[in-house]
Amino acid sequence: MSTIASKEASKESSRDVAGSGAPATVKLLINGEFVESKTAEWREIVNPATQAVLARVPFATVAEVDEAVRSAHAAFQTWKDTPVGARMRIMLRYQALIREHMPRIAKTLSAEQGKTIPDAEGDIFRGLEVVEHACSIGTLQQGEFVENVAGGVDTYTLRQPLGVCAGITPFNFPAMIPLWMFPMALVCGNTFVLKPSEQDPLSTMQLVELALEAGVPKGVLNVVHGGKDVVDALCTHELVKAISFVGSTAVGTHVYRLGSEHGKRVQSMMGAKNHAVVLPDANREQTLNALAGAAFGAAGQRCMATSVAVLVGAAREWLPDLVAKAKTLKINAGHEAGTDVGPVVSRAAKQRILSLIDAGVKEGATLALDGRDVHVPGYEQGNFIGPTVFADVTTEMEIYRTEIFGPVLVVLSVATLDDAIALVNRNPFGNGVGLFTQSGAAARKFQSEIDIGQVGINIPIPVPVPFFSFTGSRGSKLGDLGPYGKQVVQFYTQTKTVTARWFDDDTVNDGVNTTIRLR
Ligand code: NAD
């Protein structure tokens with residue numbers, strides 16, 4: 001049981017390995033079998049540092065999507081009745097397998113996505129933590145019970161799985177985000193159809209293989225590949241009950257609307273513009289390190305990356321030091337030791353980021369650090385952009401309003417903490433925000449008044465650990481419940497409330513009663 005492409009992907013090019021001249025193909029997973037798609041539409045998976053073709057991914061046909069959903073539906077009939085302990089034990093085996101295979105998967109992930117090897121390991125580790133948390137489902141999925149709500153009547157709730165759930169994931173975390181989804185859905189008793197990013201599905205497929213090795217039964221987890229047609233087929237399929245989406249705002253809004261119109265429960269985690277507010281009393285060196293890491297790590301391709309710095313009062317004088325810090329970062333291929341900033345995922349992404357930088361220059365922002373023209377010896381074809389810093393940015397500029405999703409930090413200055421809070425709250429996105437200060441009073445005011453779902457106090461990327469939930473808000477999210485943690489148990493289950501009365505015997509005390517009782 002192996003997807004050929006995922007087996008070979010840690011090598012530079014699967015053409016060399018296969019010896020056939022053709023790149024290996026990524027398989028679909030339907031009813032426990034890795035199968036070749038019958039589609040005529042394929043896309044190459046390309047190493048962003050070298051442009052080497054790693055494999056080809058199919059854009060599955062609508063009939064194949066239907067097959068995957070039906071296989072999940074059939075498997076649900078037995079999986080939903082599998083004892084919770086058995087489901088938990090699969091997750092226990094799964095977390096051990098992920099840990100064991102992390103170095104191999106990180107190599108594949110770095111090759112197809114571009115991020116550094118340590119960051120690729122972080123990507124897998126953050127997903128692994130969700131699998132670890134899934135092992136606690138016995139207590140997480142417990143219902144409630146109140147004895148004697150009326151004479152001899154008890155009320156209790158069951159948290160029952162929904163049926164077939166689908167997951168649609170972005171390119172930037174090909175390990176963590178699929179692992180946000182299917183382990184929690186499965187352990188709650190659902191079955192799943194995953195649609196990974198078509199840009200980098202190889203590491204995701206390695207994780208899927210390990211899930212089967214851990215004991216996930218046939219049909220319980222299925223995978224289809226593709227783009228809009230596959231996503232739309234999932235959003236409209238009569239047997240799909242819930243959809244988890246993570247990706248851009250435009251696509252997330254489309255998925256939310258289409259899925260909702262077709263009666264599905266949908267959660268969409270979308271784009272962001274995350275601010276870091278810096279007060280002049282903050283620890284200077286710690287803050288500058290945090291900003292540079294959060295703005296330029298993963299080449300800025302994190303939904304929680306710091307993309308806007310708001311320097312308050314005298315903190316505006318820190319700009320030259322921030323630029324100096326950014327200049328120290330080493331740009332290179334992700335698999336090279338000591339790399340801080342790898343390539344962006346594709347040539348198209350690079351072009352988009354460059355055109356946004358050009359727009360910033362035209363709009364009159366000061367380009368305090370220009371990363372457009374970087375040269376990386378040995379990787380001349382790579383999609384590299386160096387850390388880029390814009391100063392004197394205003395809120396009307398496109399570089400402030402648009403998610404750039406590259407190693408670009410825009411810097412604004414304001415006079416007071418109140419001004420900073422008002423500025424952040426006016427921005428439509430609500431994924432994450434950070435405050436840097438040594439003042440407990442300022443921090444307390446900030447956490448209370450800021451209208452953003454995830455707040456970091458002296459923490460640049462405040463992504464909650466899986467005992468909590470990911471709570472992005474406003475323009476960064478559609479749907480009420482976030483991924484992982486207790487919220488996702490609610491998302492992946494239907495609460496059924498049972499009100500029950502048991503009689504000791506058939507002695508009738510009050511006969512027929514036609515009124516609502518006063519308890
Ligand atoms: P994307 O929206 O382009 O793609 C996401 C998924 O949607 C992919 O599986 C893709 O195949 C599919 N898709 C693409 N176009 C589609 C269309 N027209 N119709 C239906 N489906 C389509 O996102 P991306 O570029 O892969 O990822 C980057 C984005 O994801 C950024 O905006 C980032 O902020 C966001 N993101 C958000 C979070 C979060 O938790 N809020 C986390 C990670 C990434």
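**Entry 1: setting up**

Strands here are DSSP runs of E with at least two residues, helices are DSSP runs of H or I with at least four, and both are numbered from the N terminus. I keep in mind throughout that this is a predicted model.

**Entry 2: Pro-48**

I began with Pro-48, which sits in the loop between β3 (42-46) and β4 (53-58). Is Pro-48 buried or exposed? I found a relative accessible area of 1%, so Pro-48 is buried. I also looked up a partner from elsewhere in the chain: Tyr-379 is 331 residues away along the chain, yet the C-alpha atoms of Pro-48 and Tyr-379 are separated by 9.6 Å.

**Entry 3: cavities**

Next I searched the whole structure for enclosed space and got two cavities of 30 Å³ or more. The largest cavity has a volume of about 90 Å³. I counted 15 lining residues there, and the closest to the centre are Gly-300, Arg-302, Ala-305, Ser-307 and Phe-405. By class, that lining holds seven nonpolar, five polar and three charged residues.

The second largest cavity comes to about 40 Å³, and Pro-48 turned up again in its lining. Its neighbours in that lining include Asn-47, Ala-49, Ser-110, His-335 and Pro-343. Which classes make up the lining of the second largest cavity? I noted five nonpolar and five polar residues, with no charged ones. I then checked the domains: domain 1 (3-141 + 150-270 + 476-497) and domain 2 (274-457) each supply at least three residues to this lining.

**Entry 4: the largest pocket**

On to open space. The largest pocket holds about 910 Å³. I found 43 residues lining the largest pocket, of which Phe-171, Gln-199, Gly-247, Ser-248 and Val-251 are the closest to its centre. Which elements give two or more residues to this lining? My list reads α7 (176-187), α9 (228-236), β10 (240-246), α10 (249-261) and α13 (347-363). I sorted the lining of the largest pocket by class and got 21 nonpolar, 15 polar and seven charged residues.

Where does the largest pocket lie with respect to the domains? It lies between domain 1 and domain 2, because both give residues to its lining.

**Entry 5: the second largest pocket**

The second largest pocket has a volume of about 320 Å³. Its lining contains Gly-151, Arg-517 and a run that I could read straight off the numbering: Arg-501, Trp-502, Phe-503, Asp-504, Asp-505, Asp-506, Thr-507, Val-508, Asn-509 and Asp-510. I counted six charged residues in this lining, alongside three nonpolar and three polar.

**Entry 6: cysteines**

A disulfide is a covalent bond between the sulfur atoms of two cysteines. I looked for such pairs with a cut-off of 2.5 Å between sulfur atoms, and the count came to zero. Why does Cys-165 have no bond to Cys-188? Cys-188 has the closest cysteine sulfur to that of Cys-165, but at 8.6 Å it is too far for a bond. For Cys-235 the closest cysteine sulfur is in Cys-165, 13 Å away, so that pair is too far apart as well. I checked the exposure too: Cys-165 has a relative accessible area of 0% and is buried, and Cys-235 is buried with a relative accessible area of 0%.

**Entry 7: strand β16 and its partners**

I then turned to strand β16 (residues 408-414), which is mostly covered, with six of its seven residues buried. Which way does strand β13 (residues 306-312) pair with β16, and over how many bridges? The pairing is parallel, over five bridges, and Val-308 stands opposite Val-410. Strand β15 (residues 388-391) also runs parallel to β16, joined by three bridges. In that pairing I noted Val-389 opposite Leu-409.

**Entry 8: positive phi**

Last, I looked for positive phi values outside glycine. Phe-405, met earlier as one of the residues closest to the centre of the largest cavity, has a positive phi of about 55 degrees. Phe-405 lies in the loop between α14 (398-401) and β16. Asn-148 is another such case, with phi near 60 degrees. I placed Asn-148 in strand β5 (residues 145-150). Is Asn-148 buried, exposed or partly exposed? Its relative accessible area is 48%, so I logged Asn-148 as partly exposed.

Note on methods:
Residues numbered from 1 in each chain as written. Predicted model: local features only at pLDDT ≥ 70, side-chain atom pairs only at ≥ 80, totals over all residues. Heavy atoms only, no water. 1 Å grid on protein atoms, 1.4 Å probe; cavity = no way out; pocket = protein on both sides within 12 Å on 5 of 7 lines; lining within 4 Å. Points joined across faces, edges and corners; volume = space filled by probe spheres on them. Nonpolar A, V, L, I, M, F, W, Y, C, P; charged D, E, K, R; others polar. Domains from an automatic or database assignment. Buried < 20%, exposed > 50% of the residue type's maximum accessible area, 1.4 Å probe, protein only. Pairing = 2+ DSSP bridges.
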